[in-house]
Amino acid sequence: MRVLLVDDEVDLASALAERLDLRGIKADWVTTAHAALDKAEAVDYDLAILDVKMPKIGGLELRQRLHERHPRMKFIFVTGYGSEMDFNKVKCQEGETCYMVKPVDIEDLLKRMKDLLGQSGGDQ
Amino acid sequence: MPVRKLIPGFWNVPEPLAETSRYLFNYRRIWKWSVLLTSVVALVPLIFITLVDYKMTEQAFESEFRSTTARVVANTQRAIGFFLIERRAALDFIVRDNPPEDLSDPIRLAFILDALQKSFGGGFVDLGVIGSSGEQEAYVGEFELYDKDYHEQPWFQQVVDRGVYVSDIFLGFRQVPHLVIAVKQSMSNGAFQILRASVGIGPFEDLLANLELGGLGDAFIINRGGILQTNSRYHGQVLDPLDLPIPEFSSATKLVDAVNPEGEKLLIGYRFIQDTPFILMIVKKKQDLMRSWHRTRLGLILFLVISVTLILGVILGTATYMVNNMYVADEKRLVSLHHVEYANKMASIGRMAASVAHEINNPLAIIGEKAGLIKDLFTFKKTYSADEKLIGLVDAISASVKRAGRITKRLLTFARNLEATVEEINVGEVVYEVFSFIEKQAQVREVQIKIEVSPQAATIQSDRGKLQQIFLNIVNNACAAVPNGGHINVQVFPSAGAGGVTVRISDDGCGIPKEDLNRIFEPFFSTKTGQGGTGLGLSITYSLVHEIGGQIAVSSEVGVGTTFEIQLPMTMPPRKGQNDARAAG
């Protein structure tokens, strides 16, 4: 499983990536959408964890662009701005997108990742 | 009490204290001034006009009576005067037409008397001829008045001096009221002859009796000494002295006011009849003259009283209605202002809470991830995995981060719920959420909170934010009411009958007195005035419950506690605006 982490907070992204690594999940992290798009061209990721609010290109737009180029890619949104999302939808949607509110518990995150990928694995 | 129902709502509103609104919101003052000014403007002209009309009508009535009386006096005087002049002229003609020796002849005299009686009708009773010596020379008539000597009598002297004489009325030798008219005829030798006739007062009395006098009018003749010369209806018989003052001499008809011995006001019209000792008098009682005026006056007074009553009634009614409407409108505006203010306050609190939560979430996430990483490093790399103290410290950090995260999530939920949205709601969940806000406070005061949620309670379609505010307001009140160590019990269960969910929140606090119980949902009703209470909490709760289509009821006993019961419907009623839009579409 290859995971791409996008968050403008370096400390958060690096720490989370390292924690995922420790759990045997290969995670790359970048701090901007442009870097993320470049990175996605180079590596075939199964899943992207995106911050919603980022300078220049936000998480939602980034998801749109990534999805166009990599239709199989799954997404988890992580945001501190919970109220702008519909909380009733804090569950995986369409089998490919998930919303979570910061601070995120690592175990919850892992569970969501497994749910998303397991589901798609089952489809194939 | 029925009287209390008549008192409008604004009447007992205390005077506002603020300088600016002293006049603006002083409804009693506005009412008093509008009633006073309108009454003055409406009534003063009415009363003035009515008084003027009263005076003018009274004067018109009085002058009408006076002129009528004067006219009757003048006409009657003319008739009586003419009667006497006519008879005197007849006698004058007779003495001039007949030589003295003819007049002294009783046969001739009898012929003349007969001619007079036939041509003049009533009046002449007898005729006598008196010579210069005062001795009667001839006499014809019913009475045996021969050889009388008159030269001692005053009337004889008057005829001698003036040539003519009209006597007062007297009984004379005959004991019948009559008067005497005498004329003198001088002869060339200096001697003279007097023709004297007795005239009965029958014609006078007929004339006076036939006068048409309004009401209790009385017409009679007196002489200048105040002796009645004819019978009077109210003032005595002929030759009685009159019980009224003798009027002053005047050559024209005069009207005077007088008072009779009984104290009644009289209007007296009189006229001195020329060349006679007679005064014609017509006396009328004012009371009777003014009887028709009194009827008119009663009508005027009734008109005034009814008009004033009607005008005052309308003014009072209109002023009360309008001022009360003003008061109700002001109250409504004030309540909605407070609602708006409350909503604005909640909205800004919400916005601030949201932005604080957002800003804190990110650093919190970093702390969380870093702490998680530290723990991961300890456990995965096995370096410090045995060091329980370090692991414990990291766990404590993670636990605090989780706790802080729960708080920010709750704040975000709260802020988000200020916008009205309808969603599927588990009422029990909302109750737990609300109690989490006061958890800490309850712990400090050792208030025991027991929440029972029936598994049968269904989820409902409602507005989460409004439900939160409703429960929060009631729970805050309960918290304030219970003493330290008190109890608050909450039950959530399906409503009996119509479906929906009922939430019962009871406490064992101080309770609400019976007289306050049906006022606690009124706006601005507060027992905590001066302690920061606006008196709006429960009023807003009440309107919120109604907005989501629910019902709220309260029961309480002083010293035992208070129970609020809120019935929530399965679905929210459509809002007015939506209804209208639908109807328009």
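## Strands, cores and chain contact in a predicted two-chain model

Val164(B) has Val183(B), a residue of E4(B), as its bridge partner. The structure is a predicted model, and this residue pair serves as the starting point for the description of chain B.

The two strands concerned, E3(B) and strand E4 (residues 178–186) of chain B, run antiparallel and are joined by three bridges. They belong to an open sheet of five strands, arranged in the order E2-E1-E5-E4-E3 (chain B) with antiparallel pairing. Strand E2 (136–140) and strand E3 (164–166) of chain B form the edges, each pairing on one side only. From one strand to the next, the twist averages 15 degrees.

A helix accompanies this sheet. H2(B) lies across E3, E4 and strand E5 (192–200) of chain B, and its direction makes an angle of about 35 degrees with E4(B). Ala60(B) is part of helix H2 of chain B. Is Ala60(B) buried or exposed? Ala60(B) counts as exposed because it has 12 C-beta neighbours inside 10 Å. The C-alpha atoms of Ala60(B) and Trp293(B) are separated by 9.5 Å, although the two residues are 233 residues apart along the chain.

Another pairing in chain B involves strand E6 (residues 218–223), of which five of the six residues are buried, so that the strand is mostly covered. E6(B) pairs with strand E9 (residues 278–285) of chain B in the antiparallel sense, over six bridges. Within this arrangement, Asn223(B) stands opposite Phe278(B) of E9(B).

The two strand pairs described above are set side by side below.

| Strand pair | Sense | Bridges | Residues facing each other |
|---|---|---|---|
| E3(B) and E4(B) | antiparallel | three bridges | Val164(B) and Val183(B) |
| E6(B) and E9(B) | antiparallel | six bridges | Asn223(B) and Phe278(B) |

The largest nonpolar core has 56 residues, and the members touching the most others are Leu91(B), Ile181(B), Ala182(B), Leu195(B), Ile279(B), Leu280(B) and Met281(B). Helix H2 (residues 27–97) of chain B supplies the largest share of this core, with nine residues. A second, separate core of 40 residues includes Trp29(A), Met54(A), Val78(A) and Ala371(B). When residues up to four places away in sequence are not counted, Ile181(B) touches Arg87(B), Arg88(B), Leu91(B), Val166(B), Ala197(B) and Val199(B).

Chain A contains four helices and five strands, which follow the pattern β-α-β-α-β-α-β-β-α along the sequence. Of its 124 residues, 39% are buried. Among the contacts in chain A with a separation of 6 or more, 55% join residues 24 or more positions apart.

The mean pLDDT of chain A is 81, and 82% of its residues score at least 70. Over residues 83–91 of chain A, however, pLDDT stays under 50, and the model has 13 contacts beyond four places in sequence for this stretch. The pLDDT is also below 50 over residues 120–124 of chain A, where the model has two contacts beyond near neighbours in sequence.

How many residues does each chain bring to the contact? Chain A provides 19 residues and chain B provides 22 residues. On the side of chain A that touches chain B, helix H1 (residues 10–22) of chain A gives the largest share, seven residues. By residue class, that side of chain A divides into ten nonpolar, four polar and five charged residues.

Terms used: Residues numbered from 1 in each chain as written. Chains lettered and ligands numbered in written order. Predicted model: local features only at pLDDT ≥ 70, side-chain atom pairs only at ≥ 80, totals over all residues. Contact = placed C-beta atoms within 7 Å. Nonpolar A, V, L, I, M, F, W, Y, C, P; charged D, E, K, R; others polar. Core = buried A, V, L, I, M, F, W, Y, C linked by C-beta atoms within 7 Å. Buried ≥ 20, exposed ≤ 12 C-beta atoms within 10 Å, placed from the backbone. pLDDT = per-residue confidence, 0-100. Pairing = 2+ DSSP bridges. Axes fitted to C-alpha atoms, helices over the stretch in contact; angles between N-to-C directions.
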